[in-house]
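Okay, thanks for coming, everyone. Let me put the structure up on the screen, and then I'll walk you through it.

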Amino acid sequence: MVKILKGDRIILGTCYYPEHWDKSLWKDDLFRMKKNGIEVIRIAEFAWNKIEPREGDFTFDFFDRFLELALEADMSVIFATPTATPPAWLSDQYPEVLNARMDGVLLRHGGRRHYNYNSPVYRRFTERIVEKTAQHYGPHPAVTGWQIDNELNCETSEFYSESDTTAFREFLKNKYGSLDALNEAWGTVFWNQTYTAWAEIHVPQTVLCNSANPHRTLDYIRFVSDSACGFAKLQSDIVRKYLKSGDFITTNGIFPNLDSHRMCDESLDFITYDSYPNMAYELDRNPGGAGREEQREDLGDREWSRNLARARSVSRAFGVMEQQSGPGGWTTRMESPAPQPGQMTLWTMQSIAHGADYVGYFRWRTCCMGTEIYWHGILDYSNRDTRRLAELGDIREKTGLISAAAGSRYRASFAVLTDYDNVWDAGLDVWHGRIHRESEAGIFRAAQILHSPMDYVYLRDPVQLKDLAEYPVLFYPHPVIATEERAALLAEYAAAGGTLVLGARAGMKDASGKCPMTKLPGVFRDLSGTDVTDYTLTGPGRPVTADWGGDEIEVPVFNDILEPLAGGAEVLASYTKGWYSGKAALIVNKYGKGSVYYFGGAFSRAAASVFLKKLNLAEPYRDTVDLPENCEIAVREKGNARFFFILNYSPEPAVITLKKELRDLYRGETVSGKAELPPFGTAVFES
Ligand code: GAL
């Protein structure tokens, strides 16, 4: 049986749905997959009925027969718990298991993920189906690991059932102990919201102007995350009892309102990500819509590297459970084009470049029924050999040739700090959201274009100085919510020699999301040596710039107007336009052996590019390789070996120049000088 993520080689897989096909196809499918380099399949995540067709009536024949064939074909199986789609008998007889919209309307059977995590009834049925499934199939020799549910918090990450309100009250009682403490934390004196009994508290409900108490909503999101983590743990505690030695537990995807890091720590051996890079082209269909502003600068399928960096931050070793292998679409939403020849390989290499040593394709064959008939797999409905199947042959060969890179670690030149409280608050607070989105996209895009590999580090309690000290530079763009503890950790980092870069609005809120009566940037004042004396949104059509030692830097979206505090703080850039022209826009403060920059704006791509250049983070591998803009570089390291992944996202060939002798792993020879990558081509060099 194949073991994935063991650091010995890169393994390919696919998602297969035995329940979608006549049994007579199974054997053929399995042997054909094997012949084409697929060694692992993921099954069963929507197949509750095949195990419990009626309440309490369990049957294992269906997957027993399938697993026997899998064994015969020497195919390893990731078995999923089937809780993402409760059966009709369950939804119908126990409507309390259903999730609801904010206005109370129940989300009915027929889609998926329509259950709520907190229904005691659903939890009971979940425990039972998971126990029966894991107990029966866990020992099977073809089973190599488990997936919990499917994409927790996908489709919706909001829950408004009655069970959620009941559980929310418990969550709050544990958190606050008393109503007085809760009223204080939520600032309920504002607009006469004071609670006098726990029963008065609900999950958010429909209110005018969508103006519900933001401190409550922030706690509600923490509660949703807590519920999802608890639901994953409920399942993994059961599955773990039946794991054979070496088998694993994972779940797929990274979705909103869910602390994936916590879930992974508590319940998983590693995270798997579902990567659909052509979803980027959804934006094209949305002129005037949400994507428009972003579209000016977005990097299309290359944007997916950002999501992969996030997956890597959850667990350094990770896999891709669903890798796009065809055009995508449901009958009701989403339309994305087919990968062009070469793109399936490019996207596979993108995943591997970012650290995934397992890549499973969604899906083996396109489904002939249901809402996902346009979400294509490697094969189309006809079952003929497709060009994508042929491309799989190429991928198989290439992944074989680069197996030395398996188990190596992505090496970033710098990191972006983030944390769940700020991510969630940015989703609720339009002022915060605007700077958050701008900087998140801007820093990533600047890093891509300037070929500077970056990591995300989520600040959480387990993060210590040693985790930060690996990076010479940390951007923490907008820690709007900040605590003394976090500030103290960052102070240690700077004191030890690190460079910390903060942006506008840092330190303006406490952990409840309220604004303490302190001078800004609050807990970062000493560290940054900065006083924020005034501030404003820049307003549309009013580009603001500053002069940084003769270079112009854009200071977009929001402007903090700065003054250096006495001590080692120095003004590096001043605004050049508007009523605060001449005032400081950027201050650097020497702190111990390091320095802290406070920038009064958001980090658009243009602004972030200036920072990367000034901080010597642009083109960190310029002595090794010269690359055009449309190529990404990713670097993985193992022992003394270093692997350079070069990915050409363009439909045109790309010329690169190797400035040193490197081993071209695809060609098995040492090369240097100019080389051409074909359209969507990739290369992996070892030094
Ligand atoms: C994923 C999901 C799959 C399939 C795919 C295409 O989000 O896990 O089950 O639905 O998208 O829509």
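Let's start with one residue, Leu417. Leu417 is buried, with a relative accessible area of 2%. Keep in mind that this is a predicted model. You'll find Leu417 in strand β12, which covers residues 414-418.

So what does Leu417 touch, once we skip residues up to four places away in sequence? The list is Val457, Leu459, Leu468, Leu474, Phe475, Tyr476, Pro477, Leu490 and Leu500. There's also a nice distance to look at here: Leu417 and Tyr456 are 39 residues apart in sequence, but their C-alpha atoms are 5.9 Å apart in space.

One name on that list deserves its own moment, and that's Phe475. Leaving aside neighbours within four places in sequence, Phe475 is in contact with Phe414, Ala415, Val416 and Leu417, and also with Ile443, Val501, Phe603, Phe611, Leu612, Leu615 and Leu617.

Now let's go up a level. The largest nonpolar core has 195 residues, and Phe475 and Phe611 are the ones with the most contacts inside it. Which helix gives the most to this core? That's α7, residues 214-241, with 12 residues. If you're new to this, here's the background: in soluble globular proteins, nonpolar side chains tend to be buried together.

There's a second, separate core too, with 16 residues, including Val625, Ile646, Ile656 and Phe685. Let's zoom in on Phe685, which is found in strand β28, residues 682-686. Is Phe685 buried or exposed? Buried, with a relative accessible area of 3%. Apart from neighbours within four places in sequence, Phe685 is in contact with Arg642, Phe643, Phe644, Ile646, Ile656, Leu658, Leu662, Arg663, Asp664 and Val671. Take Phe643 from that list: Phe685 and Phe643 are 42 residues apart in sequence, and 5.6 Å apart in space, C-alpha to C-alpha.

Okay, let's zoom out to the whole chain. How many helices and strands does the chain have? There are 18 helices and 28 strands. With 687 residues, a compact globule would have a radius of gyration near 26 Å, and the chain has 26 Å, so the two agree. If you draw a box around the C-alpha atoms along the principal axes, you get roughly 75 × 75 × 45 Å.

Of the 687 residues, 60% count as buried. And those long-distance pairs we saw have company: if you take contacts with a separation of 6 or more, residues 24 or more positions apart account for 74% of them. On the outside, the chain exposes about 26,500 Å², and carbon and sulfur atoms supply 50% of that. As for charges, there are 76 positive and 92 negative ones, and their mean positions are 2 Å apart.

Let's look at the other end of the numbering for a minute, at helix α1, residues 23-35. Its buried residues are Trp26, Asp29, Leu30, Arg32 and Met33. What covers them? The cover includes β1 (11-15), β2, α2 and α12. Just after α1, Gly37 takes a positive phi of about 100 degrees.

That brings me to the backbone oddities. Most residues other than glycine have a negative phi, and most peptide bonds are trans. With that in mind, have a look at Ala44, which has a phi near 85 degrees, a positive value in a residue other than glycine. Ala44 is in the loop between β2 (40-43) and α2 (61-72), and it is buried, with a relative accessible area of 1%.

Next comes Asn616, where phi is near 60 degrees, also positive in a residue other than glycine. Asn616 lies in the loop between α18 (605-614) and β23 (625-626). Where Ala44 is buried, Asn616 is exposed, with a relative accessible area of 52%.

Last, some cis peptide bonds. One runs from Leu520 to Pro521, with omega near 5 degrees, and Pro521 is in the loop between β15 (499-502) and α17 (525-528). Another goes from Phe362 to Arg363, with omega near -10 degrees. Arg363 is found in the loop between β10 (356-362) and α12 (387-401), and α12 is also among the elements that cover the buried residues of α1.

That's my tour, so feel free to spin the model around and find these spots yourselves.

Definitions and conventions: Residues are numbered from 1 along each chain as its sequence is written. This is a predicted model: local features need pLDDT of at least 70, side-chain atom pairs count only at pLDDT 80 or more; totals for chains, interfaces and linings use all residues. Side-chain values use heavy atoms; hydrogens and water are left out. Helices (H or I, at least four residues) and strands (E, at least two) are DSSP runs, numbered from the N terminus. The radius of gyration is taken over C-alpha atoms; the globule rule is 2.2 Å times the number of residues to the power 0.38. Buried means under 20% relative accessible area, exposed over 50%, partly exposed in between (1.4 Å probe, protein chains only). Contact means heavy atoms within 4.5 Å. Accessible areas come from the Shrake-Rupley method with a 1.4 Å probe; for residues, only the protein chains shown count as cover. Lys and Arg count as positive and Asp and Glu as negative; His and the chain ends are not counted. The place of a charge is taken as NZ of Lys, CZ of Arg, CG of Asp or CD of Glu. A nonpolar core is a set of buried Ala, Val, Leu, Ile, Met, Phe, Trp, Tyr and Cys residues joined through side-chain atoms within 4.5 Å.
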